[in-house]
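Q: Please take a close look at one part of this model, the loop residue with an unusual backbone angle, and then place it beside the other local features.

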Amino acid sequence: MLIPFFTALRDHRVPVSMKEWLHLMQAMDRGVASGRVEDFYHLSRAVLVKDEKHYDRFDQAFGQAFKGVESLGPGEEVAAEIPHDWLRLLNEKYLTDEEKAQIEALGGFEKLMETLKQRLEEQTERHEGGSKWIGTGGTSPFGHGGYNPEGVRIGGPGQHGRAVKVWEKREFRNLDDTVELGTRNIKVALRRLRRFARQGAADELDMDGTIDGTARQGWLDIRMRPERRNTIKVLLFLDIGGSMDAHVKLCEELFSAARTEFKNLEFFYFHNCLYEGVWKDNHRRHSERIDTWDLIRKYAADWRAIFVGDASMSPYEVTMPGGSVEHWNEEAGAVWLKRAREQWDRSVWLNPTPEQYWRYTASTAIIRDLMDQRMFPLTLDGLDRAMRALTR
């Protein structure tokens, strides 16, 4: 039963080494999972999955490997693949009290599984509709696409969500590394950009030091130490307005996550491309601008710069003086981006537009070149690659 599980993990590109697999086998030998499907699910995920972004793939592989009666052919032993107590547990989890009573009226769960086995042995051809044979679209308690509250779904996607056994319920789809992010996912990815140090006032209890000092001195020796903080300093430049209106929610989530993860964070807004001025309050974007030159002078080269925008605009807005749609810019946006890159060489551009569409916009290609190809999509994988680039 477990070998197909290992194969399914590999098929779904979940990186599992033989060492981790042997650890799972050792845990199973010692009875850690205790025969319950939830226990085995959580145990195997804890042992085999090293990164949260693989949770969804793991769920798919787990569902494929433990379909049990969903993929049995005629005459196969039901209990050979899935223990009855696991199926009984799912029965309790997914059915209402009324539906459970209907199962009991038919003779109980054991009778249901016994009848399934008998039907598999008797049936030799495909069946659609009806109330007895295993097939699709009927009212038999076995098959898929039909309706019966005490059913066991066999094959297919199901239609009513009321079968006793449904493995494909996936709880972590939003963690896949090819989808857009939520605040929680962004925080997970941003944590790659960390460098911890203890700085400032000694206002945190040093438990190890206190125990050691007390043991050495013979009396209570309370020791304090500075709080351990992430010393990475980040400049966040956010494109606002125009085509970025479609990405407001995602940018808000990124901004929220960044403020949580980085204690040393400064943020500024721009429109389409970086020019001679940025701002911190969009309501006063025309009256209270900050000179970009001042930022370059103020923030040293050890700051990391993150630009967020879809890079979708007229190419003239990047390459030509006066190309801005909001004001007359004496120098082209490309000039200011080059200056920013020279000052903060550890900088990236995050693009909320799916990567497969970048090639259709000339301005995206121009900005990507100006950023030395350090443009990444706002997906978990893209943000992960961006954080790695900022650590180099």
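A: A311 sits in the loop that runs between β12 (304–308) and α12 (316–319). The model is a predicted one, and in it A311 has a positive phi of about 55°, although the residue is not a glycine. A311 counts as buried because its relative accessibility is 0%, and the cut-off for buried is under 20%.

D372 can be set beside it. D372 is not a glycine either, and its phi is also positive, near 55°. This residue too belongs to a loop, the one between α14 (362–370) and β14 (375–377). The surroundings of D372 can be read from its relative accessibility of 49%, which means that D372 counts as partly exposed; exposed would require over 50%. A311, in turn, is buried at 0%.

A second buried alanine is A386, which is part of helix α15 (residues 380–391). A386 has a relative accessible area of 0% and is therefore buried. In sequence A386 and V348 are 38 residues apart, while their C-alpha atoms are 6.5 Å apart in space.

Enclosed space comes next. The model has one cavity of 30 Å³ or more, and the volume of the largest cavity is about 60 Å³. The lining of the largest cavity includes F270, H271, C273, L274, Y275, G277 and W279. R289, S324, E326 and H327 also line the largest cavity. By residue class, the lining of the largest cavity holds five nonpolar, four polar and two charged residues.

The last feature is on the surface. L205, M207, I211, L220, I222 and M224 make a nonpolar patch of about 610 Å² there. One of these residues, I222, is located in the loop between α9 (207–217) and β6 (224–225). The relative accessible area of I222 is 54%, so I222 is exposed, the cut-off for exposed being over 50%.

To return to the loops, three residues described here are loop residues: A311 between β12 and α12, D372 between α14 and β14, and I222 between α9 and β6. Their accessibility runs from buried for A311, through partly exposed for D372, to exposed for I222.

Key:
Residues are numbered from 1 along each chain as its sequence is written. This is a predicted model: local features need pLDDT of at least 70, side-chain atom pairs count only at pLDDT 80 or more; totals for chains, interfaces and linings use all residues. Side-chain values use heavy atoms; hydrogens and water are left out. Patches are made of residues with over 30% relative accessible area and no salt bridge: like charges are joined within 9 Å, nonpolar side chains (Val, Leu, Ile, Met, Phe, Trp, Tyr) within 5 Å. Accessible areas come from the Shrake-Rupley method with a 1.4 Å probe; for residues, only the protein chains shown count as cover. A salt bridge is a side-chain nitrogen of Lys or Arg within 4 Å of a carboxyl oxygen of Asp or Glu. Helices (H or I, at least four residues) and strands (E, at least two) are DSSP runs, numbered from the N terminus. Buried means under 20% relative accessible area, exposed over 50%, partly exposed in between (1.4 Å probe, protein chains only). On a 1 Å grid over the protein atoms alone, a cavity is a set of points where a 1.4 Å probe fits but cannot get out, and a pocket is an open set with protein on both sides within 12 Å along at least five of seven lines; lining residues have an atom within 4 Å of a point. Grid points are joined across faces, edges and corners, and a volume is the space filled by probe spheres set on the points. Ala, Val, Leu, Ile, Met, Phe, Trp, Tyr, Cys and Pro count as nonpolar, Asp, Glu, Lys and Arg as charged, and the others, Gly among them, as polar.
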